[in-house]
Amino acid sequence: MKTSAEWKALSESVTLLGQAFIAGRFQGAVAGETFPAINPATEEKLTDVASCDAADVDLAVSAAREAFVSGVWSDLAPGDRKRILLRLADLVEKHGDELAVLDSLDMGKPISEMVGIDVPDSIDCLRWTAESVDKLYGEIAPTGNDTLGLISHEPAGVVAAITPWNYPLMMATWKIAPALAAGNSVILKPSEKSALSVLRLAELAKEAGIPDGVFNVLPGFGHTAGKALALHNDVNVLAFTGSSRVGGLLMEYAGQSNLKRVWIEAGGKSPMLVFEDCEDIQKAASTAAAAIFSNQGEVCIACSRLYVQSSIRERFMGALLEAAKAYQPRDPLDPDTRMGALVDKAQLETVARYIQLAIDEGGQVLTGGVPEAVPGQGYFVEPTIIGDAHNGMRFVQEEIFGPVLAMGEFSDEAEAIQLANDNRYGLGASVWTGNLSRAHRVSRKIQSGMVWVNGWGGGDSTMPFGGVKASGYGRDKSLHALEKYTDLKTVWISL
Ligand code: NAD
């Protein structure tokens, strides 16, 4: 791991690409508009980024369609696509530190998280998905002897991916790896708050040998570039990760246009349940802190609702308050930093508003609560824990997307499950118990796409990632992700 000074030096020398990447080349937005990329840790401008709109979307969709129809990628044998995607994974690995610095500068994430999580996970997702595509077979249906029924998966065509800012490189990779591996052409619209790393990814994709037009990146705002993509009649699949509100809009846009398939992976308000038979309270407490304070709480699976069995509440709280001390917000480029800056001023204000709301609703600030840790110098917030929280409070029900933990309690298993499920979201849940039967019982009853027992956030490329209820229904990673980007084709042959 580099030192603070080395990361700083790299941050000063790294190339900041700001133009759209369409048909294999970088270009400004047709209208010439740009927006500034701001470093949230310093409030300084990093560079200007092309602000694409409907005209750029038309160009990118045409380029993607043309590439798809030409077969330059879609007709390649899966093994050939695999080799090129593996080259891309190698290039991401080679330039991993550069990509790490770009996201850290752009959205305030600690560099240690980029190096420990985002970059290796992105490489693994590319490799695992690429490796899988030449090992998948079609089916022959059990029809009669006078027919042959073939069932195969075909690439869907033009895929648009709209991604959030909290894991810019990783969220993009989770979409583009399976979409490209399946043979589609892809247009990625990153969040306007963090577009820099994926523009560099586009350059690496070209270097790896992905043909022009097959992978395009359109930076721009949601209501312009994003909406135009979602309404476009020549986009076949729209894969989205972001808020539930915008996910709902995208479903409407699909209905208003060509009924494109829309995959929604949305917000969360995940519960953590700590039972009195938990075998390692220290570990549960330090994980509870990590589950809300890592990446500044800007994590879709953040366990922002903590429910501890009443009998161990005091003991647990002591350990949790101790663990929270490790997350004092600091310079994201310092490798020892465990909590960086919030993505922008608007997010800082949202978090401050929710902290005030929690207090107004009767919550007790156990630690933190100071909305702006260093006024005028970056968007830093203290790790905040609010006690006496109950499900009737708005701040317990709504996604804050910041380092604010609501701590409540329960008396028995039935109540724990009821409290966990009493929320519109259903992304993840963490359960701490030493009782195997209870672990299974509770996991079954919890309404969420993912459950972690005696841990939080675990998973690798072999496991699907996604939620239920207002957290959406799409799944990233694993072979299930490939299904999102393919159509089932049947051929009935009369013999
Ligand atoms: P957001 O919904 O505001 O934006 C997500 C993306 O949608 C951005 O690229 C944005 O430009 C675009 N967008 C916004 N309005 C649009 C519109 N009208 N039409 C088309 N596109 C539009 O979300 P965000 O603030 O970037 O990200 C935070 C959210 O993402 C949180 O709710 C978080 O829980 C969620 N998230 C979910 C997962 C998951 O896997 N389920 C992972 C990461 C983040």
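Which helix or strand gives the largest share of the shell around the ligand?

1. Helix H9 does, with 4 residues. H9 spans 244–256. Helix H8 (222–231) and strand S10 (237–241) also each supply at least two shell residues. Helices (H or I, at least four residues) and strands (E, at least two) are DSSP runs, numbered from the N terminus.

2. On provenance: this is a predicted model, where local features need pLDDT of at least 70, side-chain atom pairs count only at pLDDT 80 or more, and totals for chains, interfaces and linings use all residues. Residues are numbered from 1 along each chain as its sequence is written, and side-chain values use heavy atoms, with hydrogens and water left out.

3. The ligand has 30 residues around it (a heavy atom within 4 Å). Thr-163, Glu-192, Ser-243, Ala-266 and Glu-399 come nearest. The shell divides into 15 nonpolar, 10 polar and 5 charged residues. Gly counts as polar here.

4. Polar contacts are pairs of N or O atoms within 3.5 Å. Ser-243 places a polar side-chain atom 2.6 Å from a ligand oxygen. A polar backbone atom of Thr-163 is 2.8 Å from an oxygen of the ligand. For Gly-242, a backbone N or O atom lies 3.4 Å from a ligand oxygen. Alone, the ligand exposes 850 Å² (Shrake-Rupley, 1.4 Å probe); the protein buries 91% of that.

5. Domain 1 (4–266) and domain 2 (271–461) each give the shell at least three residues. The bounds come from an automatic or database domain assignment.

Methods: Polar contact = N/O pair within 3.5 Å; in protein donor to acceptor, adjacent residues only side chain to side chain.
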